[in-house]
Amino acid sequence: MSLLEVEGLVKRFGNSRPAVDEVAFTIEAGGSFGLVGESGSGKSTTARLVTALLRPDEGSVRLDGTELVGAGRRTVHGARRDMQMVFQDPYSSLDPRMTIEELVGEGMLVHGIERDRRRRRDRVVELLETVGLEAEHLTRYPRSFSGGQRQRIAIARALAVGPKLLVCDEPVSSLDVSVQAQVLNLLRDLRESLGLAVLFIAHDLAVVRYLCDEVAVMRSGRIVEQGSRDQLFEHPTHDYTKALLAAVPVPEPAVQRVRQQEQRERIDRERALAVAGLPTAGGNR
């Protein structure tokens, strides 16, 4: 049995077309799954559906065999201990009124893991050291830290309850490139050392390729291609996946210009077909 099983997820907002449309995938214990696509493709909404922050209109989400869609508050509360989320913006996801000790230790209180303050403090120190911070940071507030450090604190907070699955919604997209590499290396090390499964949401294909074993590409709410990392990056079959890969920057300027021109021509063709009401080459298959 897979750790996470997602089947037929559908989410609509108002009368518009579904933001998430028949999305399905599985993640094995200790596995890493990347969900990649452009802004508005539905990947972040999918993450919120998986973590029960939003309720789907249709579909199923099972964590360790337990159905979460339509489940009671107690079941969902228990699932959130096993499934923690790291959000995109480290500046807004940490309460500025709480110290780092309070932020990281809060989950242990909420889930009744460690109510003794001294032992909880010791555990917070361990977690801070795990993510590359120090005990001296305990009494500081989020404003004292850089974006990369704040994201490390957010990761420590997520780890505090001992989750089986970490859901990361674009956790490095707002960070400088050098800091991105540090956080990605940390996530990779944590996955290996703690046996964590990871659902990683991103628009950056290079990031997904570095971190994930399995990858799915989303477009307009649907998964258009899914497979192993090597299969998808070396032998993509869907035109949209090929277009995303072609848009990845390369060191050679001449090659980059050719890629950009090909991408512009492909987009122009698809727009013309869409206006004419004809199926596009990059449509769902």
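Me: In which helix is Q180 found?
Reply: In this predicted model, Q180 is found in helix α6, which covers residues 177-194.

Me: Why is Q180 called buried?
Reply: The relative accessibility of Q180 is 13%. Buried means under 20%, so Q180 at 13% counts as buried.

Me: What does Q180 touch, leaving out residues up to four places away in sequence?
Reply: Q180 touches V172, S173, L175 and V207. Each of these contacts means heavy atoms within 4.5 Å.

Me: Where is G107, and why is G107 called buried?
Reply: G107 has its place in helix α3, residues 100-110. Its relative accessibility is 17%. The cut-off for buried is under 20%, and therefore G107 counts as buried.

Me: Which residues does G107 touch, not counting those up to four places away in sequence?
Reply: G107 touches I113 and V161.

Me: How far apart are G107 and G162 in sequence and in space?
Reply: In sequence, 55 residues separate G107 and G162. In space, the distance from C-alpha to C-alpha is 9.9 Å.

Me: What is unusual to note about the phi of D64, and where does D64 lie?
Reply: D64 is not a glycine, although it has a positive phi of about 55°. D64 lies in the loop between β4 (58-63) and β5 (66-67).

Me: Why is D64 called partly exposed?
Reply: D64 has a relative accessibility of 33%. Buried means under 20% and exposed means over 50%. The value of 33% lies in between, so D64 counts as partly exposed.

Me: Where does S220 lie, and what sign does its phi have?
Reply: S220 lies in the loop between β9 and β10. Its phi is positive, about 50°, although S220 is not a glycine.

Me: Why does S220 count as partly exposed?
Reply: The relative accessibility of S220 is 36%. Partly exposed is the range between the 20% and 50% cut-offs, so S220 at 36% counts as partly exposed.

Me: What is the strand order of the sheet that contains β9 and β10?
Reply: This open sheet has 6 strands in the order β6-β7-β8-β3-β9-β10, and the pairing is mixed.

Me: What makes β6 and β10 edge strands?
Reply: β6 (83-86) and β10 (222-228) each pair on one side only.

Me: How do you know that β6 pairs with β7?
Reply: Two strands pair if there are at least two bridges between them. 4 bridges join β6 to β7 (residues 165-169), so the two strands pair. They run parallel. In β7, L165 is the bridge partner of M83.

Me: Which strands does helix α1 touch where it packs on this sheet?
Reply: Helix α1 (residues 43-50) touches β3 (32-36), β6, β7, β8 (197-202) and β9 (214-219). Its direction makes about 150° with that of β8.

Me: Which strands does helix α9 touch?
Reply: Helix α9 (residues 239-246) packs on the sheet and touches β9 and β10. Its direction makes about 105° with that of β9.

Me: What is the order of the open sheet of 4 strands, and which are its edge strands?
Reply: The order is β2-β1-β4-β5, with antiparallel pairing. The edge strands are β2 (20-27) and β5, since each pairs on one side only.

Me: How do you know that β1 pairs with β4?
Reply: Pairing needs at least two bridges. 5 bridges join β1 (residues 4-11) to β4, so these strands pair, and they run antiparallel. In β4, the bridge partner of E7 is S60.

Notes
Residues are numbered from 1 along each chain as its sequence is written. This is a predicted model: local features need pLDDT of at least 70, side-chain atom pairs count only at pLDDT 80 or more; totals for chains, interfaces and linings use all residues. Side-chain values use heavy atoms; hydrogens and water are left out. Axes are lines fitted to C-alpha atoms, for helices over the stretch in contact, and angles run from 0 to 180 degrees between N-to-C directions. Buried means under 20% relative accessible area, exposed over 50%, partly exposed in between (1.4 Å probe, protein chains only).
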